[in-house]
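Let's take a walk through this structure together, pausing wherever the chain does something worth a closer look. Keep the sequence and the 3D view side by side as you read.

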Amino acid sequence: MAGLEFGHHLGLPQALSALPLTPLTPGYTRLVATQHAAGLRHMGELFAPGPGTAPGTAPGLRVLDGVFVPLGPRGRRRVDQALLADLGRGTGPRATLANDLAALHRSDPQALRRVLLYQLIGLLQDHPNGHHPDTARALGIHADESAGLAAAARTRPVLDKAQRTAAESLADAWAEHRLRRVRKLLERLPTTGRDPALDALRTTLARRLGHADAALDAARAAERAGDTEAATEEYLRTLRLAADDRKALFSLVRIHRPRHDDRAERLRCALRPESAALAWDAAEPGVVWRILRLRRTGRGSTEVREVRQVPAGATGTGGVCGTEDRAIPLGSMVRYVALPLREGRVDGVPLVARELPLTPEADGLTLTDGRERIDGTWRTPPGATEVNVEHTGPDGPTGALPCDRDRFAATGLPPGPHRFRVVCHYRTPEGQVVASPGVEAARTVHRWPDPVRTLTATAEGETIRFAWTGGGGGGGAEDGVPEEPTDVRLVCWPGEAPAPGTELATDGLPEPLPWPRPHDGEPVLCPPPGTHAEVAAVAVLGERAVAGPAVTVEAPVPVTGLSLRRQADGQVQVVLDWPEGTGLLTVSWTESGGHTGEQAVAAHQYRRQGLRLPVGRGGVRVRAVPAPRASGSVVALPSAAETELPPDASVAYRLVPAPRRMLRRGKPLIRVTLSAPDSSPTSSSEENEPRLPEQLPEFVCVARSGTLRPRGPADGTTVLRIAGAELLELRTVEHELDSAPCPVPYTLRGFLLGAHATSVRLEEPSPATLVVR
């Protein structure tokens, strides 16, 4: 009976034997993490009945004499490899835990019972009623064993948090041959209790530590005798026995560390912003490399941390192994060691790197010079707590500069060479602040031109006169070399113009304006017709330039083909060739009476309905100029298109029948009259007033037999000819027809002849009134 084995009925404390103080299971921490992920209080709940079983009906788990799960009402089944394999099918934390326990069972069939007893006793000791059997049954333990398990919890020493941590990490330290660590862990555990496995571990540990101490003493003796080869062998033997023997490790590092005259380093180390990169030549196959980091602490001791293990077969290109330490203790002085391992034990001389300060420098320091200024940028390592910038000018050090985490701007600098050093500060794990050596860069401050402060443009007919203020500076000499004078360049930027004061490189500037310059030496330019540009001033000195202000300049295309035509309704039609690229014209006019007018005409309006001016019959002078595209532009207006239309002069003629005289009819008359609007008395003296042409066309009247009108001045007989000057002087001329120019009936018709025939309108009477019978 299980209860009799534990003696709880007999009351014999000595009968409670083999109570585990430690699980003694390698990888126990990982097993517990998987158990918690599966939601289990202890690993025995992995074998609990399914969710369909009614509470309290399952017999429970047996753990005192092996691990058994209930089988039917009275039967039981030992937990073996087959049962664990069945539970390991599928996915999820439960299946993972079952597979891990199956691997543990294959290596040690008693390990599962030991782990369960360790966990169950711990749960009972933590429970307020852990001494009562009902508490054990609540954990899923069989009723027959609940009293014995409760008695075991009362008998085994209670472990505090530190002791439990030591108990649960003991097996891992033993598997890794860290004997010094195992001894410290055992010292934390109570010496009372009955755990034969733990007692056997203590005995074995004492024997092995004796061998390690003997090898360490032999190594020291050989080193004192100057036999470093024998000392190395003994130190390696010590590490094979006790892999965490710090004295043996430090001695090997001291013997095999690189010397100052060593050109080739067997373990190469390079510091990066967030890690330390390691590389070494791995010529021996099948070796696992344990990478250790040795760090000097602020208390004068040396801290040893394992970075990682690089397995065999991880050799890179050319037989070179490499790894990274991404958890570097910033601000510390470290040394890396690579230990070759075979089957978990040191198997060869370690590779030792040079000491490395873990103070990463700022990366990508870049300096850019400007006017009395140098800007610096860099990439700060993530772990830096502070960054300082030290400045040395042409006259020597000037001290620290204010800076941000990744940039600075030094202003008011004199011309000449300047050097900057960027230093990163780090806080060590002990709280000390350590500075990096710093990274340096130099830059020269050059002389720059003074910027153009103001730019003005004034239209002078078809030209533009530019004027500016500023744009000087840059005189003197730099390093004894005379400076060239500052030049102000007028340019048009192809895209968006830089803001005034922007520092530029001369080779990136546009070419100067190619506009004609009517007067050499004067800033007067003639923009081509159709120009609409932003003209900017740039101060240029050698290879450097400074952007200045800009003005908008326009040069519209002139109006051509302007002419005027009188319409029957008394208005005047304006005809012109619309200039390309112009959206608006300003048309102004002056009438003979002194009245003026102005009208803005859009391109679409003119093309759709033309342009008519209500000026009446008087003379008119019309002027058309393009309007600016934008308000505020400086406009170089072309010569205005201008034309005039004289007053609406007309020549009228009619046949006046002959009056009756006594018994006979007199001779018919031809009356020719010139009519035009009278000029205003107040404007008759205006020189520019539109007037009648000084030369009027000649009036000719011809006759043709029949009742059909003559088709032209040569289609008939000339009966009357009046010169234009005579008509202009007399205004009305009457001519008597002396005799019939041709057989009656005949038809008369008048014509205007000469160069000015189109400037005077001919008013013809009805053709029927011109027939003489």
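Lys-184 is exposed, because its relative accessible area is 53% and anything over 50% counts as exposed. Please keep in mind as we go that this is a predicted model. You will find Lys-184 in helix α9. What surrounds Lys-184 in the positive surface patch? The patch is formed by Lys-184 together with Arg-183, Arg-188, Arg-246 and Lys-247. Two helices, α9 (179-188) and α12 (246-256), each supply at least two residues of this patch, and α9 gives the most, with 3 residues.

Stay in this area for a moment, and turn to a salt bridge. Arg-180 and Asp-245 meet through their side chains, with N to O at 2.4 Å. Arg-180 sits in helix α9, while Asp-245 belongs to the loop between α11 (228-241) and α12, so the pair ties together parts that are 65 residues apart in sequence. Are these two partners buried or exposed? Both Asp-245 and Arg-180 are buried, whereas Lys-184 in the patch is exposed.

That contact is one of 46 salt bridges found in a search of the whole structure. Another one joins Arg-544 and Asp-369, whose closest N and O atoms are 4.0 Å apart. Here the link runs between distant parts of the chain, from strand β28 (residues 544-555), which holds Arg-544, to strand β12 (residues 363-370), which holds Asp-369, and the two residues are 175 apart. Arg-544 and Asp-369 are both buried.

A further example is the salt bridge between the side chains of Glu-390 and Arg-421, at 2.7 Å from N to O. Glu-390 lies in strand β14 (residues 386-393) and Arg-421 in strand β17 (residues 416-427), 31 residues apart. Glu-390 counts as partly exposed because its relative accessibility is 34%, and Arg-421 counts as partly exposed at 23%.

Salt bridges can also join up into networks, and there is one to look at here: Arg-295, Glu-303, Arg-305 and Glu-430 are linked in this way. Arg-295 and Glu-303 have a second connection, since they are bridge partners between strands, with Glu-303 in β6. That brings us to the strands themselves.

Strand β5 (residues 288-296) is a good place to begin, and 7 of its 9 residues are buried. Which strands does β5 pair with? One partner is β6 (residues 302-310), in the antiparallel sense over 8 bridges. β5 and β6 form a hairpin with 5 residues between them, and Gly-300 in the turn has a positive phi of about 85°. Another partner is β8 (residues 333-342), again antiparallel over 8 bridges; there, Leu-292 has Val-337 as its bridge partner. As you turn the view, remember that in a regular strand the side chains alternate between the two faces of the sheet.

Further along the chain, 3 strands form an open sheet with antiparallel pairing, in the order β20-β21-β26. Its edge strands, β20 (452-460) and β26 (524-525), each pair on one side only. β20 and β21 (residues 463-470) are antiparallel over 8 bridges, and Ala-459 stands opposite Ile-464 in β21.

Now for some backbone details. Most residues other than glycine have a negative phi, and most peptide bonds are trans. Glu-343 has a positive phi near 55°. This residue lies in the loop between β8 and β9 (345-346) and counts as exposed because its relative accessibility is 81%. Leu-24 also has a positive phi, near 45°. Leu-24 belongs to the loop between α1 (2-6) and α2 (28-37), and at 25% relative accessibility it counts as partly exposed. Where the chain runs from Val-744 to Pro-745, the peptide bond is cis, with omega about -10°. Pro-745 is in the loop between β43 (732-736) and β44 (746-753).

One last stop is Arg-41, in the loop between α2 and β1 (68-71). Arg-41 counts as partly exposed, at 44% relative accessibility. How far is its C-alpha atom from that of Leu-123? The separation is 8.6 Å, although Arg-41 and Leu-123 are 82 residues apart along the chain.

Technical notes. Residues numbered from 1 in each chain as written. Predicted model: local features only at pLDDT ≥ 70, side-chain atom pairs only at ≥ 80, totals over all residues. Heavy atoms only, no water. Buried < 20%, exposed > 50% of the residue type's maximum accessible area, 1.4 Å probe, protein only. Helix = DSSP H or I, 4+ residues; strand = E, 2+ residues; numbered from the N terminus. Pairing = 2+ DSSP bridges. Patch = residues over 30% accessible without salt bridge, like charges linked within 9 Å, V, L, I, M, F, W, Y side chains within 5 Å. Areas by Shrake-Rupley, 256 points an atom, 1.4 Å probe, with all protein chains shown as cover. Lys, Arg positive; Asp, Glu negative; His and termini not counted. Charge placed at Lys NZ, Arg CZ, Asp CG, Glu CD.
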